[in-house]
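Here is a short report on one protein chain. It moves from charged pairs to the overall fold, then to packing and aromatic rings.

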Amino acid sequence: MFDLDDPRFRPLWLRVLLTGICLLWAVFEFVTGSPGWGLAFLALGGWVGWRFFVTFRPRDETGEGK
């Protein structure tokens, strides 16, 4: 679906920012009374966090994993 091993996601601040945005948006959706969207963004934030901080293996410029 998304290529989260892209070298553009190598900076830590970018990975933290994208994960944080997803999770904060989930909180916003729960607070405003939209539990369906809240669960969707919570799941997205969890998946992105898992891929960015547990299984992150960015490719080099040749396209091969590190």
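R8 is exposed, because its relative accessible area is 64% and the cut-off for exposed is over 50%. The model is a predicted one. R8 forms a salt bridge with D6, and the closest N and O atoms of the pair are 3.1 Å apart. D6 sits on the other side of the accessibility scale: D6 is buried, with a relative accessible area of 12%.

**Salt bridges**

How many salt bridges are there by this rule? The count comes to two. One is the pair of R8 and D6. In another, the side chains of R51 and D5 meet at 3.1 Å, N to O. R51 belongs to helix α2 and D5 to the segment before α1, so this bridge ties together parts that are 46 residues apart in sequence. Are R51 and D5 buried or exposed? Both are buried.

**Overall fold**

The secondary structure of the chain comes to two helices and zero strands. Helix α1 covers residues 12-31. Helix α2 covers residues 35-53. The chain has 66 residues, and buried residues make up 27% of them. Its accessible surface comes to about 4,700 Å². Carbon and sulfur atoms account for 71% of that surface.

Contacts can also be sorted by sequence separation. Among those between residues at least 6 apart in sequence, 59% join residues at least 24 apart.

**Annotated spans**

An unreviewed UniProt entry lists residues 12-31 and 37-56 under "transmembrane region". In the model, residues 12-31 are 100% helix and 0% strand. The end C-alpha atoms of that span lie 28 Å apart. Residues 37-56 are 85% helix and 0% strand. Here the end C-alpha atoms are 26 Å apart.

**Between the helices**

T19 is placed in helix α1. T19 counts as buried, because its relative accessibility is 8%. Which residues does T19 contact, leaving aside its neighbours within four places in sequence? They are G45, V48, G49, F52 and F53. T19 and L44 are 25 residues apart in sequence, yet their C-alpha atoms are 8.5 Å apart in space.

V48, one of the contacts of T19, lies in helix α2. At 8% relative accessibility, V48 counts as buried. V48 and R15 are separated by 33 residues in sequence and by 8.5 Å in space, C-alpha to C-alpha.

**Nonpolar patch**

L12, V16, W50, F53 and V54 make a nonpolar surface patch of about 510 Å². The elements that give two or more residues to this patch are α1 and α2. V16, one of the patch members, is in helix α1. V16 counts as partly exposed, at 45% relative accessibility. F53 appears in the patch and also among the contacts of T19.

**Aromatic rings**

A pair of aromatic rings is described by the distance of the centres and the angle of the planes. By this rule the count comes to five aromatic pairs. In one of them, the rings of W37 and F41 have centres 6.2 Å apart and planes at 40°, so the pair is tilted. W37 and F41 are four residues apart in helix α2, and so about one helical turn separates them. W37 is exposed, with a relative accessible area of 55%. F41 is partly exposed, at 23%.

F52 and F56 form an edge-to-face pair, 6.0 Å centre to centre with 85° between the planes. F52 is buried, with a relative accessible area of 2%. F56 also counts as buried, at 16% relative accessibility. F52 is among the residues in contact with T19.

The table sets out the accessibility of these four residues.

| Residue | Relative accessible area | Class |
|---|---|---|
| W37 | 55% | exposed |
| F41 | 23% | partly exposed |
| F52 | 2% | buried |
| F56 | 16% | buried |

Which residues form one aromatic cluster with W25 and F28? W37 and F41 do. W25 and F28 have numbers within the span of α1, residues 12-31, while W37 and F41 are in helix α2.

Technical notes: Residues are numbered from 1 along each chain as its sequence is written. This is a predicted model: local features need pLDDT of at least 70, side-chain atom pairs count only at pLDDT 80 or more; totals for chains, interfaces and linings use all residues. Side-chain values use heavy atoms; hydrogens and water are left out. UniProt positions are given in the numbering used here, feature names are shortened, and annotations may be inferred rather than shown by experiment. Buried means under 20% relative accessible area, exposed over 50%, partly exposed in between (1.4 Å probe, protein chains only). Patches are made of residues with over 30% relative accessible area and no salt bridge: like charges are joined within 9 Å, nonpolar side chains (Val, Leu, Ile, Met, Phe, Trp, Tyr) within 5 Å. Accessible areas come from the Shrake-Rupley method with a 1.4 Å probe; for residues, only the protein chains shown count as cover. A salt bridge is a side-chain nitrogen of Lys or Arg within 4 Å of a carboxyl oxygen of Asp or Glu. Contact means heavy atoms within 4.5 Å. Rings of Phe, Tyr and Trp (its six-membered ring) pair if their centres lie within 6.5 Å; planes under 30 degrees apart count as stacked, over 60 as edge-to-face and the rest as tilted.
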